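Notebook open. I want to look up helix packing, empty space and a few single residues.

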Amino acid sequence: MGQPGYFRTFAKYASLNVMGMIGLSCYILADTFFVSQGMGTDGLAALNLAIPIYSFIHGSGLMIGMGGGTKYSIRQSQKDSDAANQTFTHALLLAAVFAAAFVLAGIFLPGKIAALFGAQGAVFEMSQTYLRVILLFAPAFLLNNVLLCFVRNDGAPQLAMAGMIGGSLSNVVLDWVFIFPCGWGIFGAAFATGLAPMISMAILSPHWLRRKNGFRPVACRVSARMCGGILSSGVPSLVTEVSSGVVIIVFNSILMDLAGNTGVAAYGVIANLSLVVIAVYTGIAQGIQPIISSSHGRGEAKAVSAILRYAVITMLAFSVVIYAGILFGAPQIAAVFNSEGDPQLQQIAEAGLRLYFTACPFAGFNVVISMYFTSTERPIPAHVISLLRGFLIIVPMAFLLSHLIGLTGTWCAFPATEALVAIIGLVLAGAAPARGPSSHGDRPPLVIS
């Protein structure tokens, strides 16, 4: 495949996945908009306090789906159908185990989780309701993410995109129906979000009904090694999502002390927009994963390098457009979610938007380079990048800068962290150049276990 062929393949997969991920991120953005209109500042604060649990569920599904999808794509490129089907079977098993844990938490722990996240008073009741419903729908979220990743790696990116967008559009419609005509409040928002993955899976069903699927569950002995391999390959995807939840929890705690519920509500605007922005970068990363994994499996180092280059250039172009829109449109963005016209919320949100999203190009690079390492079966540098940006740097950075310069420091913690991790990512990429499985050189050919 020549350079034009590389670009066409990249453009097809990346564009479809960016659109799909933007649609998927609208699950929560739609909730934010309708909750802000129907329940005001308290509703917005309650939703923002509960959102991290969605990040944990979604991240767990992506960890299993992306890890399993990567292994599946490599096995298929090597014509090993038995191992590919076993990979899918183990992914379903892992999804079931995680789903059971989340459902149990939804039954027994929603109040304790809401309190742990800092909810109080009327905000506590709304957060607890949202958490309970989302946790009970965890099996649908997890299975949908697994199926989306495998369908995409099975040569049907258009169908995967349709599933993601269809589920999100249904969420938007059902949000309005349940919150306003039905008057179900925060429960309606959570219920609409929980139904969305079920609609997405219905859209994916023709892949099996028309017998176009190259994967299926098979009877096999459970392999701890295979489960570990799937989880290890998918950890960066988990950390990317979970880090959003961790950042929200940390920032909520800091902002509650600095500016009370109004500060938390203002951050709700920023955090939810951040989910959409990160979804763009995740879409690019997920788009390149099947191509890089299959090219790596065939030992085509030139194709891997070309696809990575296209991904970084595309990410930078998106970053410029996104930040320009936020820089000049901050007042309008904040006003959309400020239904009560609270001047303090408006002021805090505008300043935060302009500072927080200076992280765009750095965050985008970190998401893409982490997926590159994952797709070429080098989980260690991917784990390093993900853990640094998700936990090890962002948390102390947020506390340090907020202590030194208050609200301004809080907003600057995210870009400072992403910039530092991007430098580390460049060093890791330079220290570990890609080699295909059939390469011969200083390092022996990669053996795929």
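**Entry 1: a helix pair.** I looked up how α6 passes α7, and the crossing is right-handed. The model is predicted, so I treat every value here as computed from it. Helix α6 covers residues 157-179 and helix α7 covers residues 185-204. Their axes come within 7 Å. The crossing angle is roughly 155°. Angles over 145 degrees count as roughly antiparallel, so α6 is roughly antiparallel to α7. I then sorted the contact of α6 with α7 by residue class. I noted 15 nonpolar, 9 polar and 1 charged residues there.

**Entry 2: cavities.** Next I turned to enclosed space. Rolling a probe the size of a water molecule over the atoms shows where empty space is left. How many cavities of 30 Å³ or more does the structure hold? I found 5. The largest cavity has about 140 Å³ of space. Its lining takes in 13 residues. Nearest the centre of that cavity I listed S244, V247, S274, Y356 and F414.

I also asked which elements give two or more residues to this lining. They are α9, residues 224-297, and α14, residues 394-431. Helix α9 supplies the largest share, with 9 residues. By class, I recorded 7 nonpolar, 4 polar and 2 charged residues in the lining of the largest cavity.

**Entry 3: the largest pocket.** I moved on to open space. The volume of the largest pocket is about 230 Å³. I found 16 residues lining the pocket. Closest to the pocket centre are Y13, S73, N153, P290 and S294. Three names came up when I looked for elements giving two or more residues to the pocket lining: α1 (3-77), α5 (138-153) and α9. Which of the elements gives the largest share of the pocket lining? That is α1, with 6 residues. I sorted the pocket lining by class too. The lining of the largest pocket has 5 nonpolar, 8 polar and 3 charged residues.

So far α9 appears twice in my notes: among the elements lining the largest cavity, and among those lining the largest pocket.

**Entry 4: K79.** I checked a backbone angle next. Most residues other than glycine have a negative phi. K79 is not a glycine, yet its phi is positive, about 65°. I placed K79 in the loop between α1 and α2, the latter being residues 81-108. Is K79 buried or exposed? Its relative accessibility is 72%. The cut-off for exposed is over 50%, so K79 counts as exposed.

**Entry 5: A101.** I found A101 in helix α2. Its relative accessible area is 47%, and I wrote A101 down as partly exposed. That class sits between the buried limit of 20% and the exposed limit of 50%. I then took a distance from A101 to L135. The two are 34 residues apart along the chain. Their C-alpha atoms are separated by 9.3 Å.

**Entry 6: S233.** The last residue I looked up lies in helix α9. S233 has 7% relative accessibility. Buried means under 20%, so S233 counts as buried. How far apart in space are S233 and A317, C-alpha to C-alpha? I got 28 Å. In sequence, S233 and A317 are 84 residues apart.

Notes. Residues are numbered from 1 along each chain as its sequence is written. This is a predicted model: local features need pLDDT of at least 70, side-chain atom pairs count only at pLDDT 80 or more; totals for chains, interfaces and linings use all residues. Side-chain values use heavy atoms; hydrogens and water are left out. On a 1 Å grid over the protein atoms alone, a cavity is a set of points where a 1.4 Å probe fits but cannot get out, and a pocket is an open set with protein on both sides within 12 Å along at least five of seven lines; lining residues have an atom within 4 Å of a point. Grid points are joined across faces, edges and corners, and a volume is the space filled by probe spheres set on the points. Helices (H or I, at least four residues) and strands (E, at least two) are DSSP runs, numbered from the N terminus. Ala, Val, Leu, Ile, Met, Phe, Trp, Tyr, Cys and Pro count as nonpolar, Asp, Glu, Lys and Arg as charged, and the others, Gly among them, as polar. Axes are lines fitted to C-alpha atoms, for helices over the stretch in contact, and angles run from 0 to 180 degrees between N-to-C directions. Angles under 35 degrees count as roughly parallel, over 145 as roughly antiparallel, 65 to 115 as roughly perpendicular and the rest as oblique. A crossing is left-handed if the near helix is turned anticlockwise from the far one by less than a right angle, and right-handed if clockwise. Buried means under 20% relative accessible area, exposed over 50%, partly exposed in between (1.4 Å probe, protein chains only).
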